[in-house]
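Grab a pencil and work through these exercises with the viewer open. Try each task yourself before you read its solution.

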Amino acid sequence: MNNLYELVCPCHFGLEAVLKREIYDLGYDITRVDNGRVYFEGDDEAVARANINLRTAERVMICVGEFKAVTFTELFDRIAELEWERFIPKDGKFWVTKASSVNSKLFSTSDIQSIVKKAVVTRLGKKYGISYFEETGSEYPIKINILKDTVSVCIDTTGVALHKRGYRVASGDAPISETLAASIIKLTPWRGDRILIDPFVGSGTIIIEAAMMAANIAPGMHRSFTSRTWSNLISQSIWNDVLEEANDAIDTNVETHLQGYDIDAKVLKIARDNAARAGVSDLVHFQNRDVSELSHAKKYGFIITNPPYGERLEEKEALPKLYGELGSAFGKLEDWSAYVITPYEEIERDFNRKATKKRKLYNGMIKTYLYSFEGKKPPKRKQS
């Protein structure tokens with residue numbers, strides 16, 4: 001019989017609705033949404049399916065408990081009341097891998113980590129009748145988040161964050177994460193049979209994520225997860241079934257129109273290598289081309305891109321010309337749409353048009369905006 005959990009997936013702030021839709025599409029009910037977190041109910045299979053299939057989540061965690069605490073004594077007592085034996089076996093390796101505290105009376109993260117560990121040891125020691133834990137078995141990383149004195153206690157099922165798909169061994173300057181790239185694509189009306197060009201392709205992340213969506217390649221197909229070794233909770237047969245389900249859904253024969261340009265030939269080689277590792281080499285086309293040469297004969301295409309940010313002074317001075325060239329090229333593409341993530345705030349001036357939408361997003365620690373310049377919708381196809 002499967003265990004039932006409350007699961008939580010962190011995501012980029014402002015993109016909760018995108019992740020929420022993904023979880024719904026997997027067939028699970030959302031229980032609540034907080035800033036940068038989406039909660040849902042699921043069983044053992046849900047843990048595997050969420051880790052393997054979600055494109056916009058950073059990780060999948062099991063909620064062990066939530067409570068108020070304003071003293072370390074209260075924190076210890078409430079942690080020790082939780083049913084840790086339900087999750088962690090006698091030989092399990094457990095530690096507080098991360099603790100965060102915002103606007104709370106308990107603010108020392110090192111003390112929080114130490115006290116939580118002691119409380120878990122106390123609880124499991126009583127349940128298992130032992131005083132020493134060898135911790136030679138599977139890993140059960142604990143994460144503590146305290147916000148306004150409310151303590152959220154989770155066990156991480158993922159391990160290395162989900163944006164690490166496994167295909168991007170190398171990257172260019174100011175790369176965009178795989179999860180953020182996927183989220184941006186999902187914020188647009190683009191679908192797999194539509195034209196998409198990234199004129200600043202860099203290491204290829206946006207184009208590769210789009211290709212994986214078009215071919216329905218699950219992002220977690222070729223990586224490991226901490227919970228894969230949790231034989232006390234999730235059987236290997238469940239993992240095998242979920243992977244088989246994901247594999248059966250792949251369609252690499254799909255017709256795509258995905259192009260990535262860059263003026264740096266070395267960066268293009270990185271992009272091609274990354275595409276090969278992702279299994280989408282035949283679905284994407286890379287060209288050594290300047291943004292000023294961006295053109296296309298067909299209508300209703302998409303530009304989705306993460307241009308240079310201008311980290312150094314001489315680069316900042318070049319941004320008006322760069323964005324002006326992008327805007328000029330975009331202006332010649334009849335009925336196209338463009339989606340540009342950038343901290344550069346003069347893009348509307350250089351594009352000589354007002355953005356349809358402007359959404360604040362963080363690319364790592366850099367505050368950026370996703371500028372949406374939406375073109376006309378293509379006419380509906382006549383049904384035969």
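**Exercise 1. A residue in the core**

Leaving aside its neighbours within four places in sequence, which residues is Ile 144 in contact with?

*Solution.* A few ground rules come before the search. This is a predicted model, where local features need pLDDT of at least 70, side-chain atom pairs count only at pLDDT 80 or more, and totals for chains, interfaces and linings use all residues. Residues are numbered from 1 along each chain as its sequence is written, and side-chain values use heavy atoms, with hydrogens and water left out.

Step 1: fix the cut-off, which is that contact means heavy atoms within 4.5 Å. Step 2: go through the neighbours of Ile 144, and you find Ile 79, Val 96, Lys 98, Ala 99, Ser 100, Ile 112, Val 116, Val 151, Ser 152 and Val 153.

Step 3: put Ile 144 in its setting. It is among the residues with the most contacts inside the largest nonpolar core, along with Leu 75, Ile 79, Trp 84 and Val 153. That core has 59 residues, and its largest share, six residues, comes from α4. A nonpolar core is a set of buried Ala, Val, Leu, Ile, Met, Phe, Trp, Tyr and Cys residues joined through side-chain atoms within 4.5 Å. Buried means under 20% relative accessible area, exposed over 50%, and partly exposed in between, with a 1.4 Å probe and protein chains only. There's also a second, separate core of 38 residues, including Trp 190 and Leu 268.

**Exercise 2. Helix α4**

Find the span of helix α4 and list its buried residues.

*Solution.* Step 1: helices (H or I, at least four residues) and strands (E, at least two) are DSSP runs, numbered from the N terminus. α4 covers residues 109-128, so to speak its 20 residues. Step 2: from first C-alpha to last, α4 reaches 28 Å, close to the 28 Å expected at 1.5 Å a residue; the expected span is 1.5 Å times one less than the number of residues.

Step 3: the buried residues of α4 are Ile 112, Ile 115, Val 116, Ala 119, Val 120, Arg 123, Leu 124 and Gly 125. An α-helix has 3.6 residues a turn, so residues three or four places apart point the same way. Step 4: look at the cover, which includes α3 (72-81), β5 (93-102) and β6 (139-147). After α4 comes Gly 129, with a positive phi near 65°.

**Exercise 3. Asn 51**

Is Asn 51 buried or exposed, and which side chain does its own side chain join in a polar contact?

*Solution.* Step 1: Asn 51 sits in helix α2 (residues 44-53). Step 2: its relative accessible area is 1%, so Asn 51 is buried. Step 3: a polar contact is a pair of N or O atoms within 3.5 Å; within protein, one must be able to donate a hydrogen and the other to accept it, and residues adjacent in sequence count only if both atoms are side-chain atoms. The side chain of Asn 51 makes one of 3.0 Å with that of Thr 157. A polar atom of the Asn 51 side chain also lies 3.0 Å from the backbone oxygen of Val 47.

**Exercise 4. Thr 188**

Where does Thr 188 lie, and which backbone oxygen does its side chain reach?

*Solution.* Step 1: Thr 188 is in the loop between α5 (178-186) and β8 (195-198). Step 2: Thr 188 counts as buried, because its relative accessibility is 5%. Step 3: its side chain reaches the backbone oxygen of Ile 185 at 2.8 Å.
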